[in-house]
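Trainee: I am new to this structure and would like a close look at a single part of it, set against the whole. Could you take me through it slowly?

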Amino acid sequence: MTVSAVDDLLSEGSEDVVVDIDAVTNGTEDGIQTATVTIADDEGSPTAASSSASVPATGAVDVATTIVITVRDASNNLIAGQAANLAVSITAGPNTGATFAAITDNANGTYTTSYTPAAAGVDSFAFTLSEGGTPTAIGGGPYSSTVS
Ligand SMILES: [Ca+2]
Ligand SMILES: [Ca+2]
């Protein structure tokens, strides 16, 4: 028999596939016979330093501004499944504390969110990725958008 692995973008560690004989017809199993195949994960842990965000340089009052976050591991592999570990906020500017849409996992290493500015000015953003429970600033900043 053939065991085929399907590549994904999840950082999950190596996984074992154990094949065992369940029942034998017209014979007797000679001891316990199993075969183990280990699927090596090719994603590492996501790192904030390798990740980045894409913030439009300009925005408009009452118009949703879409922001894309890209999560990578230290080897720059794209990492999916991290929406719950991401956070975004506006830390300075007229829309400080604005509410963001829930972060959507696009399942390709990118994540999307948005906010709708209510006032004109320059908004500054903070993006974090939780590394082992510690929110850590993601790379590529500082990030800002000029709302008019
Ligand atoms: Ca993979
Ligand atoms: Ca994987």
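Trainee: Before we go to the part itself, which pattern does the protein chain follow when read along the sequence? After that, please look closely at Leu 86 and tell me whether Leu 86 is buried or exposed.

Mentor: Please keep in mind throughout that this is a predicted model. Read along the sequence, the protein chain follows the pattern β-β-β-β-β-β-β-β-β-β-β, and its secondary structure accordingly comes to zero helices and 11 strands. As for the overall form, the C-alpha atoms fill a box of roughly 80 × 25 × 20 Å along the principal axes, and the radius of gyration is 22 Å, where a compact globule of 148 residues would have one near 15 Å. Of the 148 residues, 22% count as buried. Among the contacts with a separation of 6 or more, 66% are between residues 24 or more positions apart in the chain.

With that setting in mind, we can turn to Leu 86, which has its place in strand 6, a strand made of residues 86-92. Leu 86 counts as buried because 22 C-beta neighbours lie inside 10 Å, and the cut-off for being buried is 20 or more. If we leave out residues up to four places away in sequence, Leu 86 touches Ile 69, Ile 103, Tyr 111 and Leu 129.

One of these partners, Ile 69, deserves a look of its own. Beyond its neighbours within four places in sequence, Ile 69 is in contact with Leu 86, and also with Ser 51, Ala 53, Thr 110, Tyr 111 and Phe 127. Tyr 111 is thus listed among the contacts of Leu 86 and also among those of Ile 69. The largest nonpolar core has 15 residues, and within this core Ile 69, together with Ala 53 and Phe 127, touches the most other members. Two or more residues of this core come from each of strand 3 (46-54), strand 5 (65-73), strand 6 and strand 9 (121-131).

Some of these strands also belong to a sheet, and it helps to follow how the sheet is put together. Four strands form an open sheet in the order 3-5-8-7, with antiparallel pairing. Strand 3 and strand 7 (104-105) stand at the edges with a single partner strand each, so one side of each has no neighbour in the sheet. Strand 3 is joined to strand 5 by five bridges, and the two run antiparallel; in this pairing Ser 52 has Thr 70 of strand 5 as its bridge partner. Strand 5 is joined in turn to strand 8 (residues 110-115) by six bridges, again antiparallel. Here Val 68 has Thr 112 of strand 8 as its bridge partner, while Thr 65 stands opposite Tyr 115 in strand 8.

Strand 9, which gives residues to the core, has a pairing of its own with strand 10 (residues 134-137), to which it is joined by four bridges in an antiparallel arrangement. Glu 131 stands opposite Thr 134 in strand 10. The two strands form a hairpin with two residues between them, and Gly 132 in the turn has a positive phi of about 60 degrees.

For contrast with Leu 86, consider Asn 76, which is found in the loop between strand 5 and strand 6. Leu 86 and Asn 76 are 10 residues apart in sequence, and their C-alpha atoms are 17 Å apart in space. Asn 76 is partly exposed, because 13 other C-beta atoms lie within 10 Å, whereas Leu 86, with its 22 C-beta neighbours, is buried. The phi of Asn 76 is near 70 degrees, a positive value in a residue other than glycine.

A positive phi is also found at Ala 107, where the value is about 65 degrees although this residue is not a glycine. Ala 107 lies in the loop between strand 7 and strand 8, and it counts as partly exposed because 13 other C-beta atoms lie within 10 Å. Finally, further along the chain, a cis peptide bond with omega of about 0 degrees joins Gly 141 and Pro 142, and Pro 142 is found in the loop between strand 10 and strand 11 (143-147).

Definitions and conventions:
Residues numbered from 1 in each chain as written. Chains lettered and ligands numbered in written order. Predicted model: local features only at pLDDT ≥ 70, side-chain atom pairs only at ≥ 80, totals over all residues. Buried ≥ 20, exposed ≤ 12 C-beta atoms within 10 Å, placed from the backbone. Contact = placed C-beta atoms within 7 Å. Core = buried A, V, L, I, M, F, W, Y, C linked by C-beta atoms within 7 Å. Pairing = 2+ DSSP bridges. Rg over C-alpha atoms; globule rule 2.2 N^0.38 Å.
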